[in-house]
Each structure stands twice: as C-alpha cells, then as structure tokens.
Amino acid sequence: MDEYTWNKKEIFKIALGNLNCKNQKGINKLDLLIDKENLKDMILYSILGLPEVSIPKINAKKYLDYDRCFLKEETTYFQRKIIDSQIKTVSGALIKLSESEVTYDYNNMVEHSLDFLSGISPELYDLLKKSIEDRTLSIKNNHFSKDFCGITYFLSNKSYYEVLLKSYSNPFIALNHELMHGYVSLVSNRKFDKTKKSILYREVGSLLIEIYSNEYLLRNKLISYDEYVTNFSDILLVTMYNDIEIIDILFSLATNTELENSRHAVKKFIDDKAIENPNYNVGIRDLFQYPLKFHLIYMYSALIAIGLYNNFKDDGKKALKAATDIMINVKPSCEEELFKKYELNITESLNNFIEENNSLVKKKNS
C-alpha cells in the first residue's frame with residue numbers, strides 16, 4: 001500500500017499559506033481556524049507520528065460541566081428524548097455477542113472499494129478516484145498503536161483520508177466510512193464543524209455505509225461468514241452496547257442539573273445506579289475517559305443509520321441518498337419532518353437490528 005501516501009510537500013505548503021493568511025481581509029476566520037487545527041493535527045500526529053497527549057488526572061467536575069453545557073447548547077429536546085428512550089432499549093436488550101474474526105486480505109482494498117462504490121454511490125466513486133489522483137489518501141500500518149482505524153481531515157477545498165491497517169476494524173469498511181465523511185463535508189461546506197445542534201447526525205452516512213460495505217464483502221466472498229457477523233455486530237457493540245452503562249450514567253448526570261457537581265455526589269450517584277442495575281460495574285475513571293458528546297455522536301448516528309437500513313434494506317443507493325439528505329438539511333426546525341419523510345421508527349428498527357444480530361450470531365455459533 002506504499003502507493004497511497006499523502007503529498008506531504010503540498011500539505012506543508014498549505015500550512016504555510018494558512019499562517020500567512022491569518023491577517024488578510026476577506027478570508028473567513030472560521031474556515032482558517034478549522035484549517036489550522038486540522039493541518040496541525042495532520043502534521044503532528046499523522047505525518048510526524050507524535051503520540052497524542054492524554055490527561056492522567058480525571059477532573060470529574062470539569063467533565064460534568066462540559067457534558068451539561070454540551071446537552072444544553074449542542075442538542076435539541078427532540079434528540080435528547082430519543083437518546084433517553086433508546087438507552088433503556090439497549091440496556092434492557094439481550095444482545096448476543098460474537099468473538100472477533102478477521103479474514104479480509106486488504107492488498108486490493110482500493111480496487112474493491114472502487115467496485116463497491118461504483119454500484120452504490122457514483123459521487124463517492126468519483127471522490128475516491130480524485131483522492132488517489134490528488135494524493136490525499138494515505139494507507140499505512142498502525143505503527144503507533146492508535147486507537148482508531150481511519151480519520152478524515154477536512155480542509156477548505158479538499159479532504160485528506162488516512163486508513164490504518166492492522167487496527168481493530170476492517171480497513172475496507174474504514175475507507176468507505178471516511179470517504180462518506182469527506183463527501184458530506186464537501187457538499188455541506190463542513191456543516192458539522194460550523195453549526196450547533198446538528199452534531200449528533202455527523203456519523204449517520206458513515207455508519208450506514210459500513211453495513212452495506214460488509215454485505216459487499218460477503219457477497220463477493222472476500223470475507224468469511226464469521227467476519228461478516230463480527231462486522232455486523234460492531235455497529236451495535238462499538239457505538240452503544242459496549243459502553244451503555246457509561247452512557248446511561250453520564251446522560252443521567254448531565255440531565256440531572258439539580259445534582260451537586262462534586263466527586264462525592266457523582267460517586268454516590270454511581271453507587272445508587274449500581275443498586276438499581278446490579279450488572280453495572282462502572283467507576284469514576286471509567287466515566288470520564290471520554291466526554292458524553294463522544295459517546296452520543298456515535299450512538300445517535302447509529303440509531304438513525306439503523307433506521308434507514310431497516311427501511312431501505314436491499315437498496316443501499318437509496319439509503320445513502322436518504323442519509324445524505326438528512327445530514328445536509330437537518331436543523332432543529334425540521335428534525336421531526338425529516339423523520340416523517342423517511343418513516344423512521346427508531347425503537348422498531350433498533351429491535352429489528354438486534355434481532356437480526358442475534359440470529360446471525362446464533363447461526364455463527366451453531
């Protein structure tokens with residue numbers, strides 16, 4: 001995969017231009033700021049391979065304030081109502097688990113992706129072709145043990161994609177996931193970096209295309225049935241089920257604004273939750289590894305993606321168009337209208353998806 005590398009000279013040239021433009025009139029300051037942050041991360045973490053600094057000491061008070069501010073300023077009542085109801089659905093579901101299985105040979109991954117995209121999304125097919133020509137696609141081994149398998153850096157006029165091989169996820173699926181991010185960023189003028197109260201829809205298209213990517217791999221005998229089940233289950237496990245206890249407690253803490261914001265009060269709240277839910281095994285350190293925002297972006301987006309999959313199951317092209325329409329046009333005033341337009345029934349579709357997952361796992365294990 002050495003042929004898929006970024007044009008690093010161009011990236012440094014863009015970075016220098018970004019610095020020189022900071023005081024020029026007529027240039028959108030927000031666009032410059034977004035470019036600056038993405039270029040910094042690209043150079044430090046992807047090109048130079050520096051480790052990302054983690055904060056060793058957990059400041060529960062700061063994190064809880066951040067979570068409460070996030071819910072107030074970046075989510076809507078409509079979104080919070082769905083989250084609250086589906087936390088109950090997921091935490092009460094008997095979801096069958098599947099042991100991880102990896103059989104995919106990634107040596108022809110880009111060719112496979114071009115073939116897949118040509119059938120499901122001409123726009124994404126063209127985007128991948130252009131990213132290859134412009135050298136904005138990087139595929140490399142996960143030498144630095146990063147905890148992600150793909151990332152997209154959005155710049156003003158193009159996106160740069162990085163896919164890490166030998167990570168926890170199938171790289172073919174990761175590539176298509178990231179391309180969906182780049183496409184939506186391009187056609188929406190980086191909406192999810194600029195507008196509030198729509199951030200929870202950021203992953204809808206990318207998670208949806210994962211489901212159809214997985215089906216393509218099985219249909220073309222590029223993975224085993226066992227890996228197909230693993231990849232299918234991951235939509236549930238990674239976005240919500242694995243961390244549902246943490247999501248439940250963080251969401252409850254953030255919505256219970258009368259609760260005193262102190263370590264002692266949080267600890268008591270966790271203990272009370274454990275009495276109500278004997279299976280919960282969560283400590284303060286577990287709670288604040290990631291903010292609530294991180295969890296909810298993936299959980300909420302997955303719920304919408306699963307709803308679209310439920311409605312368009314055998315027509316990935318229509319499903320992706322619906323996802324793109326929702327992501328580009330969603331705003332607080334039209335959320336319910338978009339749900340009605342695509343007949344999204346979140347509880348029903350989630351239960352159907354869980355049932356399908358359990359059926360697949362049962363067949364795999366039999």
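These legends accompany several close-up views of a predicted model.

**Close-up 1. Y212 and Y309 meet as an edge-to-face aromatic pair.**
Welcome to the aromatic side of this model, where the count comes to 18 aromatic pairs. In the pair shown here, the ring centres of Y212 and Y309 are 5.9 Å apart and the planes sit at 65°, so the geometry is edge-to-face. Y212 belongs to helix α9 (residues 204-219) and Y309 to helix α14 (residues 292-311), so this pair ties together parts that lie 97 residues apart in sequence. How accessible are the two partners, Y212 and Y309? Y212 has 4% relative accessibility and counts as buried; Y309, at 2%, counts as buried too. With the cut-off for buried set at under 20%, the label follows directly for Y212 and for Y309.

**Close-up 2. An aromatic cluster takes in Y212 and Y309.**
Step back from the pair and you will find one aromatic cluster formed by Y212, Y225, Y228, F232, Y309 and F353. Which residue lies over the face of Y225? That is K363, placed 5.0 Å from the ring centre of Y225.

**Close-up 3. K194 reaches D31 through a side-chain polar contact.**
Here we turn to K194, a residue of helix α8 (residues 191-194). Its side chain makes a polar contact with the side chain of D31, at 2.8 Å. Along the chain, K194 and D31 are 163 residues apart, while their C-alpha atoms are separated by 8.9 Å. Leaving out residues up to four places away in sequence, K194 touches L30, D31, I34 and N189. Is K194 buried, partly exposed or exposed? Its relative accessibility is 26%, so K194 counts as partly exposed.

**Close-up 4. D35 is a buried residue of helix α2.**
This view centres on D35, which lies in helix α2 (residues 29-47). At 10% relative accessibility, D35 counts as buried. What does D35 touch, once residues up to four places away in sequence are set aside? The neighbours are N18, F154, L155, S156 and R190.

**Close-up 5. The second largest cavity is lined by E3 and other residues.**
For the last stop, look inside the protein: the count comes to 2 cavities of 30 Å³ or more. The one in this view, the second largest, has a volume of about 30 Å³. Lining this second largest cavity are E3, Y4 and T5, together with S131, I132, R135 and L137.

Methods: Residues are numbered from 1 along each chain as its sequence is written. This is a predicted model: local features need pLDDT of at least 70, side-chain atom pairs count only at pLDDT 80 or more; totals for chains, interfaces and linings use all residues. Side-chain values use heavy atoms; hydrogens and water are left out. Rings of Phe, Tyr and Trp (its six-membered ring) pair if their centres lie within 6.5 Å; planes under 30 degrees apart count as stacked, over 60 as edge-to-face and the rest as tilted. Helices (H or I, at least four residues) and strands (E, at least two) are DSSP runs, numbered from the N terminus. Buried means under 20% relative accessible area, exposed over 50%, partly exposed in between (1.4 Å probe, protein chains only). A charge sits over a ring if NZ of Lys or CZ of Arg is within 6 Å of the ring centre and within 35 degrees of the ring normal. Contact means heavy atoms within 4.5 Å. A polar contact is a pair of N or O atoms within 3.5 Å; within protein, one must be able to donate a hydrogen and the other to accept it, and residues adjacent in sequence count only if both atoms are side-chain atoms. On a 1 Å grid over the protein atoms alone, a cavity is a set of points where a 1.4 Å probe fits but cannot get out, and a pocket is an open set with protein on both sides within 12 Å along at least five of seven lines; lining residues have an atom within 4 Å of a point. Grid points are joined across faces, edges and corners, and a volume is the space filled by probe spheres set on the points.
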